[in-house]
Amino acid sequence: MPVGPCARIPAEQSEFIRAILDRVGDKWTLLVIATLQHGVRRYSDLHHTVPGISQRMLTLTLRQLVQDGLITRTAYAEVPPRVEYALTPLGISLLDIVGSLIDWASTHHDEIREHRSRFGQSATKSTG
């Protein structure tokens with residue numbers, strides 16, 4: 001019998017809920033949502049603002065976020081074409097969580113790097 005937060009997940013919904021958690025917990029999703037908190041952005045703005053994301057990953061992430069109803073995509077029939085992305089109310093409801101996760105990672109990255117380094121050193125010594 002599951003306990004804690006997993007106990008609240010109906011068995012028939014567990015696979016879909018895990019898929020949602022996988023999507024919203026993805027590093028690119030978190031950074032795109034955080035970037036869109038400041039308002040409407042064009043694709044090129046997002047590409048320049050989200051450090052390290054490739055065009056392919058940005059395109060895939062945006063497509064998935066639109067599909068899940070977290071952002072909107074508005075295409076304008078102009079030359080050159082213009083496409084803008086914005087958070088939906090559902091996406092806005094994630095902002096506090098996303099911001100907290102990013103802040104936590106930013107605050108504790110040195111500590112985690114140190115633990116990883118020590119773990120790597122001890123793992124090397126025990127196998128050598």
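# Briefing: a nonpolar core, a three-stranded sheet and the helices around them

Leu 30 lies in helix 2, an element that recurs throughout this account of a predicted model. The mean pLDDT of the protein is 90, with 92% of its residues reaching 70 or more. Among the elements, helix 4 has the highest mean pLDDT, at 97, whereas helix 6 has the lowest, at 84. Where pLDDT is low, the predicted coordinates should not be read in detail.

**Helix 2 and its surroundings**

- Leu 30 counts as buried because its relative accessible area is 13%, which falls under the 20% cut-off.
- Setting aside residues up to four places away in sequence, Leu 30 touches Val 24, Gly 25, Val 98, Leu 101 and Ile 102.
- The C-alpha atoms of Leu 30 and Leu 94 are separated by 9.1 Å, although these two residues are 64 residues apart along the chain.
- Helix 2 is largely enclosed by the rest of the structure, because 8 of its 10 residues are buried; these are Trp 28, Thr 29, Leu 30, Val 32, Ile 33, Ala 34, Thr 35 and Leu 36.
- At the N-terminal end of helix 2, Asp 26 acts as a cap, with a side-chain oxygen that lies 3.0 Å from the backbone nitrogen of Trp 28.

**The largest nonpolar core**

- The largest nonpolar core holds 21 residues, and the members that touch the most other members are Val 32, Ile 33, Leu 36, Leu 62, Ile 71 and Tyr 85.
- Two or more residues of this core come from each of helix 2 (27-36), helix 4 (55-67), strand 3 (82-87) and helix 6 (95-127), and helix 2 gives the most, with 6 residues.
- In soluble globular proteins, nonpolar side chains tend to be buried together.
- Once its neighbours within four places in sequence are left aside, Leu 62 is in contact with Val 32, Tyr 43, Leu 46, Ile 71 and Tyr 85.

**Thr 61 in helix 4**

- Thr 61 lies in helix 4, and it is classed as buried because its relative accessible area of 1% is under 20%.
- With neighbours within four places in sequence again left aside, the contacts of Thr 61 are Trp 28, Thr 29 and Val 32, three residues that appear among the buried residues of helix 2.

**The sheet and the helices packed on it**

- An open sheet is formed by 3 strands in the order 1-3-2, with antiparallel pairing; strand 1 (41-42) and strand 2 are the edge strands, each of which pairs on one side only.
- Helix 2 packs on this sheet and touches strand 1, strand 2 and strand 3, and its direction makes about 95° with that of strand 3.
- Helix 4 also packs on the sheet, where it touches strand 2 and strand 3, and its direction makes about 110° with that of strand 2.

**Strand pairing in detail**

- Strands of a sheet pair through backbone hydrogen bonds, either parallel or antiparallel.
- Strand 2 (residues 71-76) and strand 3 run antiparallel and are joined by 6 bridges, and a hairpin connects strand 2 to strand 3 through 5 residues.
- Within this pairing, Ile 71 stands opposite Leu 87 in strand 3, while the bridge partner of Thr 72 in strand 3 is Ala 86.
- Strand 1 and strand 3 pair in the antiparallel sense over 2 bridges, and Arg 42 stands opposite Glu 84 in strand 3.

**The two faces of strand 3**

- Strand 3 is mostly covered, with 6 of its 6 residues buried.
- In a regular strand the side chains alternate between the two faces of the sheet.
- In strand 3, Arg 82, Glu 84 and Ala 86 point one way, while Val 83, Tyr 85 and Leu 87 point the other way, and all are buried.
- Tyr 85 is also one of the core members that touch the most other members, and it is in contact with Leu 62.

How values were computed. Residues are numbered from 1 along each chain as its sequence is written. This is a predicted model: local features need pLDDT of at least 70, side-chain atom pairs count only at pLDDT 80 or more; totals for chains, interfaces and linings use all residues. Side-chain values use heavy atoms; hydrogens and water are left out. A nonpolar core is a set of buried Ala, Val, Leu, Ile, Met, Phe, Trp, Tyr and Cys residues joined through side-chain atoms within 4.5 Å. Buried means under 20% relative accessible area, exposed over 50%, partly exposed in between (1.4 Å probe, protein chains only). Helices (H or I, at least four residues) and strands (E, at least two) are DSSP runs, numbered from the N terminus. Contact means heavy atoms within 4.5 Å. Two strands pair if DSSP finds at least two bridges between them. A polar contact is a pair of N or O atoms within 3.5 Å; within protein, one must be able to donate a hydrogen and the other to accept it, and residues adjacent in sequence count only if both atoms are side-chain atoms. Axes are lines fitted to C-alpha atoms, for helices over the stretch in contact, and angles run from 0 to 180 degrees between N-to-C directions. pLDDT is the predictor's confidence in each residue, from 0 to 100.
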